[in-house]
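The following exercises are to be worked with the sequence and the coordinates at hand. Each task is followed by a solution in steps.

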Amino acid sequence: MKLTTKQLTLCAVLTALALALSYLENLFPLALAIPIPGVKLGLANIVTVFALYTLGPSQALMILTARCLLGAMFAGNVNALLFSLLGGFAAMLAMIVLVRLGKFSVYGVSVGGAAAHNCGQMAAAVLTLGNTAPLFYLPILLAVSLITGTLTGLVAGCLFQGLEHTNLRNLI
């Protein structure tokens, strides 16, 4: 894939934005509102959804991969890298399929991505622990993904609506 300077710059800016949102998300005491271990809002996924619709699958995957790698490096938590990559890749694959089907809104695509992300992370947990015990937690995470995916889709939808009257398409 050959990227123009504009595309590479936009990918870098979106990667930085995704990293900032991921860091910002850690500042919210979400456990007080939703006392379920491992639940995150997934604010960085707003950037992933935006990139998928705006730039296409290959560049969105590049941004996702860079965010996962840099996030693990900056946080000093290489153990979380497997969870992040498997969850992110599962979400991206699901969202690409749902977008290509053309039957889902940005909300449906986002919810599908959130659910797939949880499935990918459960796969990482099963691989890491060497047993299937974490799968009993999956239904809870899938129920929460309805909420977090809808929230991400809502913000992405508002972003698209807000940018509708700009010349963003001409910049890409």
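**Exercise 1. Aromatic cluster**

Which residues form one aromatic cluster? Justify the assignment from ring geometry.

*Solution.* The model is a predicted one. The cluster consists of Phe 50, Tyr 53 and Phe 160.

Step 1. Ring centres must lie within 6.5 Å for a pair, and planes under 30 degrees apart count as stacked, over 60 as edge-to-face. By this rule there are two aromatic pairs.

Step 2. Phe 50 and Phe 160 have ring centres 5.7 Å apart and planes at 20°, so this pair is stacked. It joins distant parts of the chain: Phe 50 belongs to helix α3 (residues 44-54) and Phe 160 to helix α7 (residues 138-163), with their positions 110 residues apart.

Step 3. Tyr 53 and Phe 160 make an edge-to-face pair, with 5.6 Å from centre to centre and 65° between the planes. Here too, helix α3 is linked to helix α7, through residues 107 apart in the chain.

Step 4. Consider accessibility, where under 20% is buried and over 50% is exposed. Phe 50, at 8%, is therefore buried. Phe 160, at 23%, is partly exposed, and Tyr 53, at 29%, is partly exposed as well.

**Exercise 2. Nonpolar cores**

Determine how many residues the largest nonpolar core has, and which helix gives the most to it.

*Solution.*

Step 1. The largest nonpolar core has 27 residues. Those with the most contacts inside it are Leu 14, Val 47, Ala 51, Leu 52, Leu 55, Ile 63 and Met 92.

Step 2. At least two residues of this core come from each of α1 (5-25), α3, α4 (57-75), α5 (79-101) and α6 (106-129). The greatest contribution is that of α3, with seven residues.

Step 3. Take Ala 51 as an example. Beyond its neighbours within four places in sequence, Ala 51 contacts Leu 14, Gly 56, Ala 60 and Ile 63.

Step 4. Another core, of five residues, lies apart from the largest one; Val 39, Met 122, Leu 138 and Leu 141 are among its members.

**Exercise 3. The buried face of α1**

Establish how the buried residues of α1 are arranged around the helix axis.

*Solution.*

Step 1. Helix α1 has 21 residues and spans 30 Å from first to last C-alpha, close to the expected 30 Å.

Step 2. Its buried residues are Cys 11, Leu 14, Thr 15, Ala 18, Leu 19, Leu 21 and Glu 25. Viewed down the axis of α1, they fall within an arc of 160°, so they line one face of the helix.

Step 3. Thr 5, Lys 6 and Tyr 23 are exposed on the other side of α1. The cover over the buried residues of α1 includes α3 and α4.

Step 4. A polar residue of α4 also deserves attention. Gln 59 lies in helix α4 and is buried, at 6% relative accessibility. Not counting residues up to four places away in sequence, Gln 59 touches Met 1, Leu 3, Gln 7 and Cys 11.

**Exercise 4. Packing of α5**

Against which helices do the buried residues of α5 pack?

*Solution.*

Step 1. Helix α5 has 23 residues and reaches 35 Å between its end C-alpha atoms, close to the 33 Å expected. Just after α5, Gly 102 adopts a positive phi of about 70°.

Step 2. The buried residues of α5 are Leu 81, Gly 87, Gly 88, Ala 91, Met 92, Met 95, Ile 96 and Leu 98. They pack against α3, α4 and α6.

Step 3. Gly 113, located in helix α6, has a relative accessibility of 3% and is therefore buried. Leaving out residues up to four places away, Gly 113 touches Ala 91 and Met 95.

**Exercise 5. Cysteines**

How many disulfides does the structure hold?

*Solution.*

Step 1. The structure holds zero disulfides. A disulfide would require two cysteine sulfur atoms within 2.5 Å.

Step 2. For Cys 68, the nearest cysteine sulfur is that of Cys 11, 15 Å away. Cys 68 is buried, with a relative accessible area of 4%.

Step 3. For Cys 119, the closest cysteine sulfur is in Cys 68, at 16 Å, which is too far for a bond. Cys 119 is partly exposed, with a relative accessible area of 37%.

Definitions and conventions: Residues numbered from 1 in each chain as written. Predicted model: local features only at pLDDT ≥ 70, side-chain atom pairs only at ≥ 80, totals over all residues. Heavy atoms only, no water. Phe/Tyr/Trp six-rings, centres within 6.5 Å; stacked < 30°, edge-to-face > 60°. Helix = DSSP H or I, 4+ residues; strand = E, 2+ residues; numbered from the N terminus. Buried < 20%, exposed > 50% of the residue type's maximum accessible area, 1.4 Å probe, protein only. Core = buried A, V, L, I, M, F, W, Y, C linked by side-chain atoms within 4.5 Å. Contact = heavy atoms within 4.5 Å. Expected span 1.5 Å × (residues − 1). Arc of directions from axis to C-beta.
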